[in-house]
Amino acid sequence: MKIVIATDSFKGSLTANEAVAAIARGVARAIPAAELVCVPLGDGGEGTVDALVAAVPGSRRLTRLVIGPFGALVDATYGLLGLRGLVAVVEMAAASGITLVPREKLNPMRATTYGTGELLGYALSRPVLEEMIIGIGGSATNDGGAGALQALGAEFIDANGDPITDPMTPELLGSVVGVTWHDHSLKVDDVRITVACDVTNPLLGPTGASAVFGPQKGATPEMVSELDSILTNFAPNLEFLARQRGGPPDAPPIAHRPGSGAAGGLGAALMALFPAAEFKSGIDVVLDAVGFDSLLSDADLVITGEGKLDPQTLSGKAIDGVLRRAKAASVPVIAFAGAVDADAARALEPLGLESAYAILPRAASVADAMARAGELLEQLAAEVIAGRV
């Protein structure tokens, strides 16, 4: 019996590698002779680098010290895939992620993507690089990607004609009157760019970065309005930069494009900096990179999972992506999660979800479930699989 185990991380308790390993131990207890294919996943957010490095032969992780979302230095990791390291994988969550900041200290007015730009710069400075995958999920920022652009070579000018040297934040964006691209030594034109992004929101307005995602990052209603106004005033600078970077003159306005509002507007900044970049579903980028479709050949069952199966799962998360691929290959799927929303699970049944199982009912509390997630997941997998044979 061939079983493919492909899960995302269980945020706050298990990495994708740990979750896959726990399920594999449980399945092996139930069916010792089973052929297990283990595939840790990420969807463009935290854990994407580790998932790809674990799945693609010849990969490695490199760590650099960069400026975090609120100025403190953080150790951020990026990955190199293949025997020659021709593909770099960068996730903004490693440098500018919301998990790097205690929730009570979140303030998107003062958060910067500068460290993400530094991390991108480290990857782009490699002497031989053909492709870069950029995951832009899990941000703590709402700076329109200005910090990242600044770190990569954009120079922002204030009303006095002076360059702004502090890492760009929304607070500083209000004083920007111009931008120019001055670092022509950075290798940004010879590398194929894929942006792993599950968000289709535009940069501005009621469905934009500030209104939809700002509150998750600590923005008050008043702050949301101010942030949207700041990004509205900043948007023409992105258009100017895009033209400097060779973007087509007849392209639709960046602020209106689907995905420009991703990661607090980092999506818009990447559209300006990399006019030829391709934006793709994060989970599809990862599934393609690990050759998931070929792994489904002759499979009898797929086991997938993530920290919580809820309505957000239906919007391009790991379980959703796995289900679509498995359905096309006519392979049944079961899912494990820390908690399962029954309505969301039912909504996934047309995509081929056979059943979903939660860890939480087996624990004394949420804290207990998170503390013993590996143990409980292993037990759950063993019992569920034993009941199927």
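Buried means under 20% relative accessible area, exposed means over 50%, and partly exposed lies in between, with a 1.4 Å probe and protein chains only. The model is predicted: local features need pLDDT of at least 70, side-chain atom pairs count only at pLDDT 80 or more, and totals for chains, interfaces and linings use all residues. Residues are numbered from 1 along each chain as its sequence is written, and side-chain values use heavy atoms, with hydrogens and water left out.

**Exercise 1. Salt bridge in a helix**

Task: Find the salt-bridge partner of arginine 346 and classify the accessibility of both residues.

Solution:
- A salt bridge requires a side-chain nitrogen of Lys or Arg within 4 Å of a carboxyl oxygen of Asp or Glu.
- The partner is aspartate 343, with the closest N and O atoms 2.3 Å apart.
- Helices (H or I, at least four residues) and strands (E, at least two) are DSSP runs, numbered from the N terminus.
- Arginine 346 and aspartate 343 are 3 residues apart in helix H13 (residues 342–348), so about one helical turn separates them.
- Aspartate 343 has a relative accessible area of 54% and is therefore exposed.
- Arginine 346, at 48%, is partly exposed.

**Exercise 2. Salt bridges between distant parts of the chain**

Task: Which residues form salt bridges with glutamate 354 and with arginine 362?

Solution:
- Glutamate 354 pairs with arginine 388, and their closest N and O atoms are 2.1 Å apart.
- This pair links distant parts of the chain, with glutamate 354 in strand S13 and arginine 388 in helix H15 (residues 373–388), 34 residues apart.
- Both ends are partly exposed: glutamate 354 at 42% relative accessibility and arginine 388 at 34%.
- Arginine 362 pairs with glutamate 383, the closest N and O atoms being 2.4 Å apart.
- Here too distant parts are linked: arginine 362 lies in the loop between S13 and helix H14 (366–371), and glutamate 383 lies in helix H15, 21 residues away.
- Arginine 362 is partly exposed at 30%, as is glutamate 383 at 46%.
- Elsewhere, shared partners join Lys280, Asp284, Asp288, Asp293 and Arg325 into one salt-bridge network.
- The search of the whole structure gives 16 salt bridges.

**Exercise 3. The open sheet**

Task: State the strand order of the open sheet and name its edge strands.

Solution:
- Two strands pair if DSSP finds at least two bridges between them.
- The 5 strands run in the order S2-S1-S11-S12-S13, with parallel pairing.
- Strand S2 (35–40) and strand S13 (353–358) are the edges, each pairing on one side only.
- Neighbouring strands are turned by 20 degrees against each other on average, direction ignored; axes are lines fitted to C-alpha atoms, for helices over the stretch in contact, and angles run from 0 to 180 degrees between N-to-C directions.
- Within the sheet, strand S1 (residues 2–7) and strand S11 (residues 301–309) pair over 5 bridges, and isoleucine 3 has leucine 301 as its bridge partner.

**Exercise 4. The hairpin**

Task: In which sense do S3 and S4 pair, and which residue in the turn has a positive phi?

Solution:
- Strand S3 (residues 60–67) and strand S4 (residues 73–81) pair in the antiparallel sense, over 8 bridges.
- Arginine 64 has alanine 76 in S4 as its bridge partner.
- The hairpin has 5 residues between its strands, and glycine 71 in the turn has a positive phi of about 100 degrees.
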